[in-house]
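Visitor: I'm new to reading protein models. Could you walk me through this one with a few questions?

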Amino acid sequence: MSNPLRDPRDKRLPRVAGPCGMVLFGVTGDLAQKKVMPAIYDLANRGLLPPGFSLVGYARRDWANEDFAQVVHDAVREHARTGFREEVWSQLADGFRFVPGDFADDNAFEQLCKTVSELDESRGTAGNRAFYLSIPPKFFPDVVRQLKKHGLADPGSPDASGRVPWRRVVVEKPFGSDLTTARELNRLLEEVFPPHSVFRIDHYLGKETVQNILAMRFANQFFEPIWNRAYIDHVQITMAEDIGIGSRAGYYDGIGAARDVLQNHLLQLLALIAMEEPVSFKADDLRAEKEKVLSAIRLPADLATATARGRYAAGWQGGEKVIGYLDEHAIPADSRTETYAAVKLELDTRRWAGVPFYLRTGKRLGRRVTEVALVFSRVPHLPFEATAVEELGQNALVFRIQPDEGVTLRFGSKVPATSMEVRDVNMDFDYGDSFAESSPEAYERLILDMLLGEPPLFPRSREVELSWEMLDPIEAFWATQGPPEDYPAGTWGPDSGDELLRRDGRTWRRP
Amino acid sequence: MSTSLSDTSASEINKALSDVRRAHGGLTAGHVMTLIMITDGHGNGPEVQSTCRTAGEHPSRILVVRRHPNETCVGLDAEVFGAGERGPGELVILDLSGELAWHAESVVVPLLIPDTPVVTFWPGNGPDDPSADPLGRLSQRRITDLAAGDDAPGRLAARAAHYTDGDTDLAWTRLTLWRSVLATALDDVYSHPTGGVVAAEPGNASAELLAMWLSARLGIPVQREESTGPGLTEVRLSLPDGEVTLRRTDGRLAMLSSPGHHERPIALKRRDLSELINEELRRLDADDIYAECLATIRETETREGAQ
């Protein structure tokens, strides 16, 4: 029976997740406390969580439910984006439970079973549960097997109206560290959960500005006709961080910038920029186009001239003296991990043949910025004196993903004066700081989509495997080379990174 | 720093707006709309402030129109605030005196941002027929607030009689969270309600609208009960096997109970004006569901008139 109070024309009513609960593994982690818990509070504050929504924490801590509630409380107080309201808190806190135990502990998992059943009864979560694995990947196998063993992942039995309760699992990157491990992970997850119940979070896809790439491309008339090799000279995708590795040494060393960022965030951005128009924005149609374009990626024959990697050395960054990568805590002196990676990729499609895509990412670079720049070809003929266009560069369309979210169009304009002189100017569209303030954070959007069972923003296993197929040969090539080239912290990376474009007669934008 | 202009004109105000923009380094938020606010009188400071805050989500130029038809001298005074001074958007306060007060549109038209939507908002007693108002006619969306004046039931009937696509009222906006929770509650109920009750403090226009909505959507009689408030306090829907109850007595936290479930707390805050306006500005197309509620009111009136 359809609900007579719902009507597709009633656009004010928000999409509220149906009755459900979430089990969070790894409640003491940074990500859980800085992102997941605050996002849950913010969703509740916006009225998007169902009444009775429950959160079960699982960790090796000697905590009672109240201690767990206190941890969530502190995390929410410190990191939530919406204001703290006592009544929202009481709605949520009623549904907090904590189960102590490690990942091999059968008794603890039995306790977890009892807890979620009790919540179905007392809070009306109706058997719908999400398992959020906010834990290091090495623990995935243990947890997933335990979920299976204790029947937590089994499909539930239909209720009075024939609705079958759902089970979903959420994992964060890294999705493996190469093709082999990625496949192992996919097999492990999909042995226990059907593919449509596995939600891989790449938080970049939850960002408004990333989703706006699709709106810009496919809702407008004047971009698509020039979105091809006839007009575009090349594409630059940059994700730069100003911070070092901080306390992530244990995770980062041996992984490096390419696996950490390039393989997932940058390739997803490339896919959204380069893909053909999907038939619809339904998950399957969207993923079909992303997979198609990812499978068209071709690595240049000579990896030595088509890739660059670097490692930050001590230097000055934004007025602060900072140490080099090798001096960071717990980094071995013989580490060969790169903190900067750049690659040149080409796409074997009619639209993009001959248009290089330059991707770069790094830590301790000039400033924190993520952007995608489409740089246009020069005009075939300039009917001006050579001196008039000396300062005219190439037109560019730039998606500023973060910070200063927005779009920049760069084009030539006459300098006001009696003589003819053309110079580059920028036209900006800004979401504006305060405008973005009220838009939901990426994690809110993704957690809500997961609870609603809407998968368009989550990469599927095939996308993950395709991106490792691209990166594995590069990593293998780098493994045969010496240590990465040092670059001073606070600069835009090693010379080899600049040389990558210089060889093609191009330069990186200063983002 | 604001610019005060006395005995001025729309073109001088436009010049002042671009001067302010230049002084700030030429940076403007990409304004997405012009919001006309008709306050008539000086005592609407809080409403103007709340509206200015909405520019955070909806960067807009806000034109506050204050009409003083009883002044003897005819003239226009204005105060111009650049973006960032009274909120993220631009703000112009217009004082129209004497005969000019009856021709506010002549001042407003040149100040509208080109080719972007216009919204008119009456924070006080709005006109019975907003789309016939000269300033209402300029806009795609006309926001009134039944709760701000007296005789809410009488004015609700007048609004229903004159409804035009693009009309909306904050008394309806205030219901969104209630409607969302009630819809969610019925998501996991498998029988059809047979009757309902809406309780609120006396003269609450939102309660009337909620009763109309429930009655129209569910095809059931919905009774009205009076309570001590604040605002809406309770909705009960009778089912063959029990009752769905949503009760809020403190204006903040509600309790939801339905057959087969324990009572569950749910945050249901009375939202402030800027939150309500923010919701209104998110959509500028006609609100079909609101229109249906008003149509139900018209039908009821006609039926009662015939009897």
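**A walk through two chains**

Visitor: Let's start in chain B. Setting aside neighbours within four places in sequence, which residues is S274(B) in contact with?
Guide: Keep in mind that this is a predicted model. S274(B) sits in helix α8 of chain B, residues 273–282. Not counting neighbours within four places in sequence, its contacts are S50(B), R53(B) and T54(B).

Visitor: Is S274(B) buried or exposed?
Guide: Buried means under 20% relative accessible area. The value for S274(B) is 7%, so this serine counts as buried.

Visitor: What share of chain B's residues is buried?
Guide: Let's get a feel for the chain before the number. Chain B has nine helices and 14 strands, and its C-alpha trace spans about 70 × 45 × 35 Å along the principal axes. Of the 307 residues in chain B, the buried share is 55%.

Visitor: Which elements do the buried residues of α4(B) pack against?
Guide: Helix α4 of chain B covers residues 152–162, and its buried residues include A152(B), L156(B) and R159(B). The buried residues of this helix pack against parts of chain B, namely β7 (141–144), β8 (167–169), α7 (205–218) and α9 (288–306).

Visitor: What is the phi of D151(B)?
Guide: This residue lies in the loop between β7 and α4 of chain B. Most residues other than glycine have a negative phi. D151(B) is not a glycine, yet its phi is positive, at about 50°.

Visitor: Now chain A. A330(A) has a phi near 70°, but is this residue buried or exposed?
Guide: A330(A) is in the loop between β11 (320–322) and β12 (340–347) of chain A. Exposed means over 50% relative accessible area. A330(A) comes in at 56%, so it counts as exposed.

Visitor: What is the omega of the peptide bond between K173(A) and P174(A)?
Guide: P174(A) lies in the loop between β5 (167–172) and α6 (179–192) of chain A. Most peptide bonds are trans. The one joining K173(A) and P174(A) is cis, with an omega of about 5°.

Visitor: Which residue shares a polar contact of 2.7 Å with H265(A) through their side chains?
Guide: H265(A) is part of helix α9 of chain A, and it is buried because its relative accessible area is 2%. Beyond neighbours within four places in sequence, its contacts include K173(A), H203(A) and M239(A). The side-chain partner in the 2.7 Å polar contact is D202(A).

Visitor: Which element gives the largest share of the largest nonpolar core?
Guide: That core has 102 residues, and F25(A), F357(A), L359(A) and F399(A) are the ones with the most contacts inside it. Its largest share, twelve residues, comes from residues 256–274 of chain A, which is helix α9.

Visitor: How many residues are in the second, separate core?
Guide: Its members include L175(B), V198(B), I220(B) and L256(B). The count for this second core is 46 residues.

Visitor: What is the relative accessible area of F384(A)?
Guide: F384(A) is in the loop between β14 (369–376) and β15 (396–402) of chain A. Together with V379(A), L382(A) and M420(A), it forms a nonpolar surface patch with about 330 Å² of accessible area. Partly exposed means between the 20% and 50% cut-offs, and F384(A) falls there because its relative accessible area is 36%.

Notes. Residues numbered from 1 in each chain as written. Chains lettered and ligands numbered in written order. Predicted model: local features only at pLDDT ≥ 70, side-chain atom pairs only at ≥ 80, totals over all residues. Heavy atoms only, no water. Patch = residues over 30% accessible without salt bridge, like charges linked within 9 Å, V, L, I, M, F, W, Y side chains within 5 Å. Areas by Shrake-Rupley, 256 points an atom, 1.4 Å probe, with all protein chains shown as cover. Salt bridge = Lys/Arg side-chain N within 4 Å of Asp/Glu carboxyl O. Helix = DSSP H or I, 4+ residues; strand = E, 2+ residues; numbered from the N terminus. Buried < 20%, exposed > 50% of the residue type's maximum accessible area, 1.4 Å probe, protein only. Core = buried A, V, L, I, M, F, W, Y, C linked by side-chain atoms within 4.5 Å. Polar contact = N/O pair within 3.5 Å; in protein donor to acceptor, adjacent residues only side chain to side chain. Contact = heavy atoms within 4.5 Å.
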